[in-house]
Structure formats: structure tokens, C-alpha cells
Amino acid sequence: PQHLLLDEPTSGLDVMATRHLRDWLRELRGEGRCVLLSSHVMQEVEALVDDLIIIAGGRVALRGTPAELALRFPGRSLEDIFVTAVTMPAGAPA
């Protein structure tokens with residue numbers, strides 16, 4: 001399909017199956033397909049996404065590319081950035 005929507009796609013997979021799935025998702029992206037990925041595994045998010053949207057309390061708490069977020073939050077891991085985004089008061093600038 002041209003568009004894929006995946007929710008926690010590696011949940012319950014062993015290391016090799018996870019690696020194969022990640023490689024396949026990169027191939028699909030390389031073919032120009034749209035892959036929408038929902039995951040709480042920050043290592044997976046960091047390895048796969050081009051654009052990241054963090055949703056907290058039903059609202060977009062933070063959005064950007066991994067590189068943009070690294071510039072906005074220097075020296076912080078994606079997990080730390082996620083925690084900051086989901087604990088910010090509603091409407092607070094990120």
C-alpha cells in the first residue's frame with residue numbers, strides 16, 4: 001500500500017524480527033511511501049522517523065524533525081524531550 005498506519009509495530013517481536021521490520025520500513029520510506037508510526041519506544045522512533053509529533057492529553061505537545069528537536073533541546077535524549085513535552089502545561093511554548 002502507498003500509506004501504512006502502524007501502532008507499536010515491534011511490540012512482542014524478538015531482536016531479529018524487529019531489525020527486519022525496521023529495515024523493511026526504511027525500504028518503504030525510500031520508495032516514497034507514507035509510514036505513520038505510533039510508538040513509545042524512543043530508540044525505534046529515533047531510528048525511523050523523519051518528522052515527529054508528540055501528543056499529550058489529546059493535543060500536539062511538540063513537533064519537529066529529530067534534528068530540529070536536538071537543536072531545540074541540546075544535550076537531551078529523545079526520551080528526555082518526550083518527558084518534557086508531555087509534562088508541559090497546556091499551551092506552554094516548547
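The following conversation discusses the fold, salt bridges and surface of one predicted protein model.

Me: What kind of model is this, and how are the residues numbered?
Reply: It is a predicted model, in which local features need pLDDT of at least 70, side-chain atom pairs count only at pLDDT 80 or more, and totals for chains, interfaces and linings use all residues. Residues are numbered from 1 along each chain as its sequence is written, and side-chain values use heavy atoms, with hydrogens and water left out.

Me: How many helices and strands does the protein chain have?
Reply: The protein chain has 4 helices and 4 strands. These are DSSP runs numbered from the N terminus, with helices (H or I) of at least four residues and strands (E) of at least two. Along the sequence the pattern reads β-α-β-α-β-β-α-α.

Me: What box do the C-alpha atoms fill?
Reply: Taken along the principal axes, the box is roughly 40 × 25 × 25 Å. Of the 94 residues of the protein chain, 31% count as buried. Buried means under 20% relative accessible area, exposed means over 50%, and partly exposed lies in between, with a 1.4 Å probe and protein chains only.

Me: Turning to E1, which of its side chains are buried?
Reply: Strand E1 covers residues 3-7, and its side chains alternate. Leu4 and Leu6 point to one face and are buried, whereas His3, Leu5 and Asp7 point to the other face and are not buried.

Me: In which sense do E1 and E2 pair?
Reply: E1 and strand E2 (residues 34-38) pair in the parallel sense over 5 bridges; two strands count as paired if DSSP finds at least two bridges between them. Leu6 has Leu37 as its bridge partner in E2, and Asp7 has Ser38.

Me: And what unit do E1, H1 and E2 make?
Reply: Together with helix H1 (residues 15-30), the two strands make a right-handed β-α-β unit. Right-handed here means that, with the strands pointing away from the viewer, the path from the first strand over the helix to the second runs clockwise.

Me: What is unusual about phi at Glu8?
Reply: Glu8 has a positive phi of about 50 degrees although it is not a glycine. This residue lies in the loop between E1 and H1 and is partly exposed, at 24% relative accessibility.

Me: Switching to charges, how many salt bridges are there?
Reply: The count comes to 5 salt bridges, where a salt bridge is a side-chain nitrogen of Lys or Arg within 4 Å of a carboxyl oxygen of Asp or Glu. One of them joins the side chains of Arg22 and Glu44, at 3.7 Å from N to O. That pair links distant parts of the chain, with Arg22 in helix H1 and Glu44 in helix H2 (residues 42-48), 22 residues apart.

Me: Are Arg22 and Glu44 buried or exposed?
Reply: Both Arg22 and Glu44 are buried.

Me: What else does the side chain of Glu44 contact?
Reply: A polar contact of 3.0 Å joins the side chains of Glu44 and Ser39. A polar contact is a pair of N or O atoms within 3.5 Å; within protein, one must be able to donate a hydrogen and the other to accept it, and residues adjacent in sequence count only if both atoms are side-chain atoms. Ser39 lies in the loop between E2 and H2 and counts as buried because its relative accessibility is 13%. In addition, a polar atom of the Ser39 side chain lies 3.0 Å from the backbone nitrogen of Val41.

Me: Where do Asp23 and Arg26 lie?
Reply: Both are in helix H1, 3 residues apart, about one turn of the helix. They form a salt bridge, with the closest N and O atoms 3.2 Å apart. Asp23 is partly exposed at 35% relative accessible area, and Arg26 is partly exposed at 32%.

Me: Which residue does Asp51 meet in a salt bridge?
Reply: The side chain of Asp51 meets that of Arg63, at 2.9 Å from N to O. This pair links distant parts of the chain: Asp51 is in the loop between H2 and E3, and Arg63 is in strand E4 (residues 59-64), 12 residues apart. Asp51 counts as partly exposed, at 37% relative accessibility.

Me: Lastly, which residues form the nonpolar patch on the surface?
Reply: Ile53, Ile55 and Val60 form the patch, with about 280 Å² of accessible area together. Accessible areas come from the Shrake-Rupley method with a 1.4 Å probe, and for residues only the protein chains shown count as cover. Patches are made of residues with over 30% relative accessible area and no salt bridge; like charges are joined within 9 Å, and nonpolar side chains (Val, Leu, Ile, Met, Phe, Trp, Tyr) within 5 Å. Ile53 is in strand E3 (residues 52-56) and counts as partly exposed, at 41% relative accessibility.
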